[in-house]
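Here are a few notes to read alongside the structure, written for someone meeting it for the first time. Take the points in order and find each residue as you go.

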Amino acid sequence: MAKAETPVVYTGTGRRKEAVARVRLVPGSGQVTVNGKPALEYFGRQQLVDTATAPFKVTETQGRFDVFANCSGGGVSGQSGAVRLGVARALLEAGDFRAELKKAGYLKRDARAVERKKYGLKKARKRPQFSKR
């Protein structure tokens with residue numbers, strides 16, 4: 001009995017702010033799908049799509065992989081950054097691209113997040129107006 005050929009799938013998880021993206025790369029024509037929709041339709045701006053697919057430009061692999069991403073949490077900007085990290089991590093599995101991705105800074109988790117509000121203040125750092133008299 002012939003063994004069924006399983007398609008090659010590379011996976012990576014990316015996080016940014018409150019957003020989490022689970023990314024799968026499958027050899028294909030370069031289509032990017034986020035939560036079942038084309039990337040441009042989902043993100044709404046070409047700039048966010050370019051951010052999400054930036055690791056392909058650095059590694060010169062545009063059009064060689066189809067991207068399937070499941071995003072949750074945060075907003076579209078954070079989700080775009082999360083997809084970028086997920087794609088970069090999946091490309092590590094796909095080939096020897098570590099040097100290029102590391103040089104471009106795509107393997108780093110961006111730790112910046114919203115600072116918490118402190119008691120006695122109006123926001124994280126904004127103080128109530130001071131009145132001398």
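1. Let's begin with the sheet. In this predicted model, five strands make an open sheet in the order 1-2-5-3-4, and the pairing is mixed. Which strands stand at the edges? They are strand 1 and strand 4 (37–38). Each of these has a single partner strand, so one side of each is left without a neighbour in the sheet.

2. Now look at what lies on the sheet. Helix 4 packs on it, touching strand 1, strand 2 and strand 5. The direction of helix 4 makes about 150° with that of strand 1.

3. Next, follow the chain through the first two strands. Strand 1 (residues 10–16) and strand 2 (residues 19–27) run antiparallel and are joined by 7 bridges. Along this pair, Tyr 10 stands opposite Leu 25, and Gly 12 has Val 23 as its bridge partner. The two strands form a hairpin with 2 residues between them. In the turn, Lys 17 has a positive phi of about 55°.

4. Strand 2 has another partner to trace. It runs antiparallel to strand 5 (residues 65–72), and 8 bridges join the two. One pair to look for is Val 20 with Ser 72, which is its bridge partner in strand 5.

5. Helix 4 offers a nice check with a ruler. How far apart are the end C-alpha atoms of helix 4? They are 26 Å apart, which agrees with the 27 Å that its 19 residues (residues 76–94) should span at 1.5 Å a residue. The buried residues of this helix include Gly 78, Gly 81, Ala 82, Val 83, Val 87 and Leu 91.

6. Here is a general idea to keep in mind: in soluble globular proteins, nonpolar side chains tend to be buried together. In this model, the largest nonpolar core has 28 residues, and Val 23, Leu 25, Phe 43, Val 83 and Leu 91 touch the most other members. Strand 2, strand 3 (32–34), helix 1 (39–43), helix 2 (46–52), helix 3 (54–59), strand 5 and helix 4 each supply at least two residues of this core. Helix 4 gives the most, with 6 residues.

7. Val 83 is a good residue to zoom in on. Leaving aside neighbours within four places in sequence, Val 83 is in contact with Ala 21, Val 23, Phe 43, Ala 52, Ala 69 and Cys 71.

8. Move from there to Ala 69, which is found in strand 5. Is Ala 69 buried or exposed? At 3% relative accessibility, Ala 69 counts as buried, because the cut-off for buried is under 20%. Beyond its neighbours within four places in sequence, its contacts include Arg 22, Val 23, Thr 33 and Val 83. The C-alpha atoms of Ala 69 and Val 87 are separated by 8.9 Å, and these residues lie 18 residues apart along the chain.

9. Finally, please check Arg 16, which is found in strand 1. Arg 16 is buried, with a relative accessible area of 16%. Its side chain makes a polar contact with the side chain of Asp 110 (3.5 Å). Not counting residues up to four places away in sequence, Arg 16 touches Gly 78, Gly 81, Ala 82, Arg 109, Asp 110 and Arg 112.

Definitions and conventions. Residues numbered from 1 in each chain as written. Predicted model: local features only at pLDDT ≥ 70, side-chain atom pairs only at ≥ 80, totals over all residues. Heavy atoms only, no water. Pairing = 2+ DSSP bridges. Helix = DSSP H or I, 4+ residues; strand = E, 2+ residues; numbered from the N terminus. Expected span 1.5 Å × (residues − 1). Buried < 20%, exposed > 50% of the residue type's maximum accessible area, 1.4 Å probe, protein only. Polar contact = N/O pair within 3.5 Å; in protein donor to acceptor, adjacent residues only side chain to side chain. Contact = heavy atoms within 4.5 Å. Core = buried A, V, L, I, M, F, W, Y, C linked by side-chain atoms within 4.5 Å. Axes fitted to C-alpha atoms, helices over the stretch in contact; angles between N-to-C directions.
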